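Work through the exercises below with the structure at hand. Each task is followed by a stepwise solution.

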Amino acid sequence: MLATRYPMILGLGGLAVALCGCRRPAQESAATSAPVEAVVVVYTALDRQFSEPILNDFAAQTGIQTQPVYDTESTKTVGLANRIRAEAARPRCDVFWNNEILNTLRLKAEGLLQPCRATQAEYFPPRYRDPDGYWYGFAARARVLIVNTELVGPDELPQSIRDLGLPKWRGRVGIAKPLFGTTASHVACLFAGLGPEKARELLDTWKQNNIQVVSGNKACAEMVAAGRLAFALTDTDDAIAEQEQARPVRIVFPDSTEAGLGTLLLPNTLAVVKGAPHPQAAVRLIDYLLSADVEARLAAGPSAQIPLHRDAPSRSRVCNLAEIKPMEVDFARAAEMFPTAAEYAEKQFLK
Amino acid sequence: MEPRSVHRRARDWLAAGVAAAHGFVLLAVVAVPLQAIGRALAALLVRPPEAPSPIDIDPGRWAVLLANTLIVCGVAIVTATLFGLILGILIARTDMPLRAGFAKAAALGACVPMYVTAVFFFSLVPAWRVQGSALACGLFYGLMCAPLSIVVLTAAFRAADRELEDLARLDADPRWVLFRVTLAQAKWAIAAQAVLVFLLVGTDFTIADILFVRTFAEEVYTQYALHRSPDAPVLVALPLLATFVMALTVILRRYRLFGEHSPAEFGRGPRTLALGRWRPAVTVAALLGFVALAGPLAVAVLRRIDSPGKFLATAGALGRELAISTTGAIAGASLVVLFGVGLAWSAVRAGRRRWLVWAAVVLLLALPAPVVGIGLIRLLNQPGLLGRLYDSPVTMVLGYLVRFVALGILLLVPSIQRVPRETELAARMDGSDWLAVQRHVYWPAVLGDAAVAWLVVAMLCFGEVGATVLLAPPGWTPASVRAFTLIHFGVYQDLAVLALASLGCIILPWLLLMYLLRRRLAALWSEG
């Protein structure tokens with residue numbers, strides 16, 4: 001008798017389990033039954049180990065549960081931006097926490113963001129916020145050269161990103177995959193800052209110098225620290241991690257001389273997605289993230305971000321904002337150049 | 001109308017409904033990739049002259065992708081096959097001591113999710129050391145697939161014809177018999193194992209992505225992240241898909257798997273070959289090989305963990321991801337097996353319709369994982385009910401169904417074949433409809449095998465990354481996706497803990513699997 005009921009038992013069992021699968025686990029069960037604005041969906045490109053504790057604290061302080069989608073290192077930022085585009089007809093993301101700026105500007109240009117009024121906005125330099133409130137920048141990182149001090153003598157220290165194309169370092173310099181993340185943004189900024197022709201020439205010298213293209217900025221920093229590369233272009237958070245582990249590395253802020261191009265500073269950016277399901281909670285999260293406390297935490301934390309908030313401690317462990325010469329770049333123009341730059345980088349470096 | 005007639009009619013409707021549900025599931029599952037492929041081809045072929053091509057066909061790049069895919073898959077196949085042949089013969093055909101332990105260890109290794117194995121490997125050899133190396137990538141994949149090859153080839157060697165070997169041994173020495181009879185009989189199993197490794201490696205992008213080795217599957221994932229249109233990645237996947245479909249078709253046709261024939265009896269193999277004076281040396285070598293591989297890997301992972309207290313604290317923090325993975329795996333495996341039995345029946349005994357199931361199985365097995373994700377996103381990311389489904393974790397479970405229903409069918413086909421057709425005919429003559437035949441004839445007969453299939457599929461769902469990384473909705477990150485995110489930064493404490501905790505989650509179903517297979521496994525080393 002029992003045997004004849006096996007399919008029914010298994011079917012009901014499977015269905016029950018599937019229904020269990022639909023139940024939100026304990027942490028977020030309250031969020032589901034709570035009012036809509038008690039939840040905020042955030043797509044964050046900042047590395048999970050840095051962003052998750054902050055989002056958890058926001059949830060603890062405000063009672064608004066965060067539902068994050070984190071990015072993967074190999075498709076950083078671009079993957080999330082394209083996800084927002086794919087969901088444009090039916091958005092489910094409230095806040096886009098980008099760890100750079102260009103893809104935020106591109107989403108704005110495509111009409112996929114909506115303005116919001118963040119109360120903390122006035123504490124940030126105008127350069128790092130949108131006048132109409134479409135996006136807010138905070139907690140910057142610099143694009144730096146991480147140099148292995150055992151392979152590169154003090155008198156040989158690279159001073160410019162152009163040094164990645166010097167024949168003496170042929171095959172011993174590296175960059176991350178230039179299609180995603182801050183490396184893609186850097187290439188686009190070069191297209192905007194130098195002009196497409198000169199930027200292409202620069203990339204060509206890198207290519208001819210057999211520059212090593214690796215999966216991410218972290219891998220770049222690790223390869224330099226291990227002596228596999230003499231130096232590489234990376235982000236300050238990845239570089240400082242190696243330096244603080246007492247590896248034989250040194251951080252160089254490239255092109256910081258008088259006549260130099262300047263070091264590229266890329267702020268994190270926050271934006272509310274157009275048609276966000278939880279717009280009020282989104283603004284609360286943005287206000288929280290723009291606070292001096294969060295900037296201070298990001299500066300003091302392992303990622304050692306460079307604070308931009310007027311009241312935040314001005315010095316990060318990496319550098320003081322006043323000490324470096326920032327690259328003068330029109331981010332809006334760089335955002336426009338992004339597809340052209342990405343296409344060229346793809347053809348040059350991804351064959 | 002008489003109550004009996006009403007009851008009969010209700011049963012007829014129910015039977016028709018359940019049968020239709022099976023057909024619907026098969027069509028829906030196949031529709032996921034087909035609609036994505038159809039849209040991509042339409043975008044390529046049916047477009048205004050001024051519209052740009054959705055894909056940039058650069059011969060140089062395609063050559064690199066092809067070369068890398070072939071190197072990675074080739075090295076993986078050679079590595080896994082070597083391990084499979086040597087240990088398969090030792091376990092299945094010799095009197096080597098500890099064969100039971102080796103067989104169980106291989107079964108455990110085959111069940112461990114790829115990301116867990118990757119964490120162990122990358123603890124020992126940091127990923128950046130082998131960045132861009134297709135050879136290293138293939139070697140990693142080969143070592144990961146080696147346990148599966150050992151299991152498959154052990155079974156194949158046990159299924160060899162005992163009488164034929166006994167006859168051959170009357171005229172020839174054991175080595176000649178081994179090479180000319182045993183291996184010759186197992187050649188199609190070796191080929192099938194190679195195709196299995198080819199499929200697993202060729203459709204996966206995780207290790208290739210971490211090592212930045214540009215294979216077709218990695219390119220599908222990269223193109224999806226890079227471009228707004230999902231057409232480009234699907235078009236990139238088509239050559240790979242066509243290759244896999246051809247390879248699978250050859251193997252499945254050779255085996256006539258979907259026809260009416262008696263499957264090989266697992267565990268009723270030929271006599272054990274005596275190792276003689278080499279027995280201690282071979283045993284020590286096998287043990288040393290195992291310890292030399294597993295020992296440093298385990299030590300390397302454990303060194304990443306500061307203290308037992310921190311392990312527990314980190315494991316607690318990762319509990320949510322593990323719970324999501326476990327629940328999703330249970331739901332996915334239940335769906336696969338629930339429909340898998342009926343579909344396996346269709347594959348064996350549904351007349352001409354079985355070729356539809358055959359075609360669906362080949363297509364689904366050959367799909368690169370990201371195409372499953374892209375297909376589901378294109379299907380579900382719409383306003384209305386489908387959109388609500390897309391926002392829920394059910395999407396991940398549907399992804400598991402699409403990814404593994406073909407495997408579930410393949411695992412259940414031999415069980416269906418073992419049920420005598422006469423039993424079904426007798427039930428039919430007694431007036432049983434399709435549903436009643438399934439309930440009273442097939443399900444009771446295949447229940448044990450269904451449980452085995454359920455466990456295998458559940459463990460595969462638990463470790464799935466390729467489709468899940470695209471499908472996981474906000475706030476529902478499973479352990480596999482978390483590990484994939486973390487592994488790019490190197491193996492630190494949280495990733496090491498996640499890998500060990502995932503391994504812990506696999507141990508229980510593995511023990512259950514060993515319990516269910518105890519008689520068949522015992523037959524491996526008790527005979528001869």
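**Exercise 1. Find where the confidence in chain A is low, and state how many contacts the model has there.**

Step 1. Over residues 17-36 of chain A the pLDDT, the predictor's confidence in each residue from 0 to 100, stays under 50. For this stretch the model has 29 contacts beyond four places in sequence, two residues being in contact if their C-beta atoms, placed from the backbone, lie within 7 Å.

Step 2. Chain A averages a pLDDT of 86, and 88% of the residues score at least 70. Residues 1-12 of chain A are below 50, with eleven contacts beyond near neighbours in sequence.

Step 3. Where pLDDT is low, the predicted coordinates should not be read in detail.

Conventions: this is a predicted model, in which local features need pLDDT of at least 70 and side-chain atom pairs count only at pLDDT 80 or more, while totals for chains, interfaces and linings use all residues. Residues are numbered from 1 along each chain as its sequence is written, and chains are lettered from A and ligands numbered from 1 in the order in which they are written.

**Exercise 2. Describe the packing of helices H13 and H23 of chain B.**

Step 1. Locate the helices (DSSP runs of H or I, at least four residues, numbered from the N terminus): H13(B) spans residues 308-317 and H23(B) residues 493-516.

Step 2. Their axes (lines fitted to C-alpha atoms over the stretch in contact, with angles from 0 to 180 degrees between N-to-C directions) come within 9 Å and cross at roughly 75°. H13(B) and H23(B) are therefore roughly perpendicular, a term for angles of 65 to 115 degrees.

Step 3. List the residues: B:Lys310, B:Phe311, B:Thr314 and B:Ala315 of H13(B) meet B:Gln493, B:Asp494, B:Val497 and B:Ala501 of H23(B). The contact has four nonpolar, two polar and two charged residues; Ala, Val, Leu, Ile, Met, Phe, Trp, Tyr, Cys and Pro count as nonpolar, Asp, Glu, Lys and Arg as charged, and the others, Gly among them, as polar.

**Exercise 3. Characterise the side of chain B that touches chain A.**

Step 1. Count both sides: 48 residues of chain B are in contact with 48 residues of chain A.

Step 2. Assign the chain B side to helices: those supplying at least two residues each include H2 (59-93), H18 (394-418) and H20 (434-463). H14(B) gives the largest share, ten residues.

Step 3. Sort by class: this side of chain B has 26 nonpolar, 16 polar and six charged residues.

Definitions and conventions. Parallel < 35°, antiparallel > 145°, perpendicular 65-115°, else oblique.
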